[in-house]
Amino acid sequence: MLAVARDDEDLVWRAGSGELRFANGALAFAYSAEAPEALRGPEHLAAWCDEVAKWRNGDATWDNLMMGLRLGDLPRIVVTTTPRPVALLRRILALPGVVRSQGRTADNVHLPASFVEAVTATYAGTRLGRQELDGELIEDVAGALWTRELVESRRVAFAPAVTRVVVGVDPPAGSVSGGRGMPAGSWWWRSGSTGLRMCWRTRACRGPVRRGGLGQLPSVPSGMARTG
């Protein structure tokens, strides 16, 4: 802010207190996500949060800031960051009333052309380049077999009648007790009264996506390891 201030503005910066005083009496305060408790108590009418995707204590800092953003008729906040798929950024983007804008490195007219050319030649088309140069929020994990795009493309409005429920089990090859355990990559299904059986699936099957999550089994019952 000191660098972009007008020549006729007499700004006073107090580094010890993180306070910037303008000539008209307005005050701005600098805070760090390393110390979220410093935001407890102070009130503000506007805030600028930079690089929130890299905040170490993101949720605590954001929550404390929101509690004090209560001055004026319409408190506002600006968030600028390189997009990274972190929980806080997803939370912010999901808030009502958020206006999202996106910019690319090549759009910044203040950068040297040699710098833009160098980073483009090195990172264009790469995952890092899509994030850092194009400002793209990349949700998928590199190398993932089941991408978000693939999952979303298989969603249906209504699930059809279920004739067979397939559960994929991928336990460790051994067991805590030193027993034999189950082979990794096994598929289990429940069919009528036959209980659980093991079979191998070598052909991909297409079906609707059901909303849910992944879980980790703390232990595998020994009966599951028998084919019957």
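## Confidence of the model

pLDDT is the predictor's confidence in each residue, on a scale from 0 to 100. The structure is a predicted model, in which local features need pLDDT of at least 70 and side-chain atom pairs count only at pLDDT 80 or more, while totals for chains, interfaces and linings use all residues. Residues are numbered from 1 along each chain as its sequence is written, and side-chain values use heavy atoms, with hydrogens and water left out.

The average pLDDT of the chain is 76, and 72% of the residues score at least 70. Helices (H or I, at least four residues) and strands (E, at least two) are DSSP runs, numbered from the N terminus. Among these elements, helix H1 (residues 58–68) has the highest mean pLDDT, 95, and strand E8 (residues 196–199) the lowest, 37. The pLDDT is below 50 over residues 181–220, a stretch that has 63 contacts in the model beyond near neighbours in sequence; a contact means heavy atoms within 4.5 Å. Where pLDDT is low, the predicted coordinates should not be read in detail.

## Helix H1 and what covers it

In this report, buried means under 20% relative accessible area, exposed means over 50%, and partly exposed lies in between (1.4 Å probe, protein chains only). The buried residues of H1 are Gly58, Thr61, Trp62, Asn64, Leu65 and Gly68. Seen down the axis of H1, these residues fall within an arc of 165°, so they line one face of the helix; the arc is that of the directions from the helix axis to the C-beta atoms. The cover over the buried residues of H1 includes strand E4, strand E5 (76–80) and helix H2 (87–93).

Met67 also lies in helix H1, but Met67 is exposed, with a relative accessible area of 64%. Along the chain, Met67 and Leu39 are 28 residues apart, and their C-alpha atoms are separated by 8.7 Å.

## Two buried positions: Ile92 and His44

Ile92 lies in helix H2 and is buried, with a relative accessible area of 7%. Apart from neighbours within four places in sequence, Ile92 is in contact with Val52, Trp62, Val79 and Val98. One of these contacts, Trp62, is among the buried residues of H1. For Val79, the C-alpha to C-alpha distance to Ile92 is 8.9 Å, across 13 residues in sequence.

His44 is found in the loop between strand E3 (27–29) and strand E4 (46–50). With 12% relative accessibility, His44 counts as buried. Not counting residues up to four places away in sequence, His44 touches Phe29, Tyr31, Leu39, Gly68, Leu69, Arg70 and Leu71. Of these, Gly68 is one of the buried residues of H1.

## Glu19 and its salt bridges

Side chains of opposite charge can pair when their charged atoms come close. A salt bridge here is a side-chain nitrogen of Lys or Arg within 4 Å of a carboxyl oxygen of Asp or Glu. A search of the whole structure finds ten salt bridges.

Glu19 is in strand E2 (residues 19–21) and is buried at a relative accessible area of 13%. Leaving out residues up to four places away in sequence, Glu19 touches Val12, Trp13, Arg14, Leu27, Ala28 and Phe29. Glu19 forms a salt bridge with Arg14, the closest N and O atoms being 3.1 Å apart. Arg14 is partly exposed, with a relative accessible area of 38%. A network of salt bridges links Arg14, Glu19 and Arg21.

## Other salt bridges

Glu136 and Arg130 form a salt bridge in which the closest N and O atoms are 2.6 Å apart. Glu136 is partly exposed, with a relative accessible area of 27%, and Arg130 is partly exposed at 30%.

Arg104 and Asp107 meet through their side chains in a salt bridge (4.0 Å, N to O). Arg104 is partly exposed, with a relative accessible area of 42%.

## A nonpolar surface patch

Met1, Val4, Trp48 and Val78 form a nonpolar patch on the surface, and together they have about 490 Å² of accessible area. Accessible areas come from the Shrake-Rupley method with a 1.4 Å probe, and for residues only the protein chains shown count as cover. Patches are made of residues with over 30% relative accessible area and no salt bridge; like charges are joined within 9 Å, and nonpolar side chains (Val, Leu, Ile, Met, Phe, Trp, Tyr) within 5 Å.

Within the patch, Val4 belongs to the segment before strand E1 (12–14). Val4 counts as exposed, at 70% relative accessibility.
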